[in-house]
Amino acid sequence: MKKIATIAAVAALTASSLTMAQSFQEAFDMNRAMYGAGATFEWNGKSYNTSYIEEELASKPANQANAQALFDAAKAKLAEVREAGFAWRDNVKYLKQAKEALEAGEYQKSMDLAARSHLQSRVGLEQAETAKNEWILAVPPLN
Amino acid sequence: MKIIKTTLLAMSVAALSQTAMAAKTGATLSTVDPEADRIALQEYMKDRFPDTPVSEYVNGIYAVDAASRAQWEEIEEFPPYELDLEEGEELFNEQFANGKSLADCFDNGGEGIRQNYPMWNDERKTVVTLEMAINECRLQNGEKPYGWKKGPIAKVSAYMAYTSRGNEFVIDIPNDDAKAAYLDGKKFFYTKRGQLNLSCADCHLTGTNRLVRADRPSPALGHSTHFPVVRSKWGNIGTIHRRYEGCHRDSRSEFLKVQSETYRNLEYFQTYMSNGLVVNGPGSRK
């Protein structure tokens with residue numbers, strides 16, 4: 001039933017926005033929820049893909065150059081999210097494991113782990129952005 | 001990539017439950033009003049727990065959860081921090097190699113001063129916690145600083161709190177620089193973060209006394225009055241920053257260093273919220 005719960009939750013989130021003009025993020029989220037990764041959708045007359053950047057990067061040919069590039073990108077992203085103060089608990093662990101796999105020549109494994117770390121950093125940075133305007137909403141109002 | 005889906009799902013669901021209490025001001029240095037914040041927090045708690053007098057909030061979760069209170073009162077009959085207090089007093093009175101002691105670094109010989117900490121230091125433009133002041137005193141006198149989270153630092157701090165029991169907190173925010181530090185701490189407290197997208201306030205404001213897994217979070221009001229604390233989970237005495245570390249991690253965030261600027265600002269904010277409540281440290285908790 002996990003899948004159903006997932007779909008229901010995403011539907012609840014997107015239903016209200018269907019009638020209004022969709023932002024890119026809303027269109028992406030809706031198409032992603034309905035069709036999964038690797039599908040295409042139209043938004044404002046242009047064609048887009050439902051994959052996350054990490055999924056695209058991790059599905060490149062598994063070789064040393066691609067694994068190293070993804071590891072470097074993930075490492076830089078972690079530094080960025082740490083600077084913003086929004087790093088997640090397990091992020092650095094994935095990055096370390098990615099490095100070990102890279103050194104062991106296990107390129108696909110390394111790329112999957114680095115992709116996971118990259119995603120955590122990217123969402124952490126989104127949280128930081130959202131927080132800028134929203135944190136104050138949780139404060140009990142002044143009288 | 002299953003983890004990606006689960007991660008994003010958790011976040012979108014959390015976004016839905018964004019509370020809609022919505023303070024309109026107080027997010028910037030020009031609008032933040034610590035005194036109004038303090039009163040608003042008290043009003044919030046009075047509203048949620050009409051049977052709990054404000055002065056009770058020094059007792060954490062036991063102020064609002066009658067079920068666990070009886071057990072805690074029994075524990076407090078033979079307080080688990082008694083030995084720590086004795087050791088803390090000895091350490092406090094210990095002579096440094098240069099003949100001085102901790103008493104020389106503090107107003108009133110270090111007795112009855114807990115209610116002034118954390119304190120804004122305007123020359124250094126930073127918040128100084130009691131633990132930081134203790135360690136800096138040792139360093140200035142050629143002694144090695146204590147470790148930050150438990151052991152001697154917590155024991156000395158416990159003794160100093162004990163000599164201050166009953167004094168009302170009077171945290172001062174003397175100027176705009178200090179106010180910026182307060183605002184930073186306030187912002188940290190209310191900001192959602194980590195893989196679970198949780199803020200301190202999700203658990204200690206809206207989530208007060210609601211079951212979070214097997215635990216009931218205490219009200220944010222009065223959070224720092226009773227530290228340091230002996231926790232049965234720790235099996236010994238620890239500082240409030242030790243607790244911050246664990247709670248920060250509970251949102252599945254990478255936690256910060258104890259006594260980092262952010263945690264000190266957080267303690268400044270939290271203790272300002274406790275102004276008017278009395279020092280009752282050290283304490284004991286589950």
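The accessible surface of chain A (Shrake-Rupley method, 1.4 Å probe, with only the protein chains shown counting as cover for residues) comes to about 7,900 Å², and 55% of that belongs to carbon and sulfur atoms. This is a predicted model, in which local features need pLDDT of at least 70 and side-chain atom pairs count only at pLDDT 80 or more, while totals for chains, interfaces and linings use all residues. Side-chain values use heavy atoms, with hydrogens and water left out, and residues are numbered from 1 along each chain as its sequence is written.

Of the 143 residues of chain A, 38% count as buried (under 20% relative accessible area; exposed is over 50%, partly exposed in between, 1.4 Å probe, protein chains only). Chain A has 6 helices and 2 strands, these being DSSP runs numbered from the N terminus (H or I, at least four residues, for helices; E, at least two, for strands). Their order from the N terminus is α-α-β-β-α-α-α-α.

Now for α4(A). At 1.5 Å a residue, its 21 residues (64-84) should span 30 Å, which agrees with end C-alpha atoms 30 Å apart; the expected span is 1.5 Å times one less than the number of residues. Among its buried residues are A:Leu70, A:Phe71, A:Leu78 and A:Val81. Seen down the axis, the buried residues fall within an arc of 130° (from the directions from the helix axis to the C-beta atoms), so they line one face of the helix. Their cover includes α3 (53-58), α5 (91-103) and α6 (107-134) of chain A. The face turned away carries the exposed A:Ala65, A:Lys75 and A:Glu83. Just after α4(A), A:Gly85 takes a positive phi of about 80°.

Technical notes
Chains lettered and ligands numbered in written order. Contact = heavy atoms within 4.5 Å.
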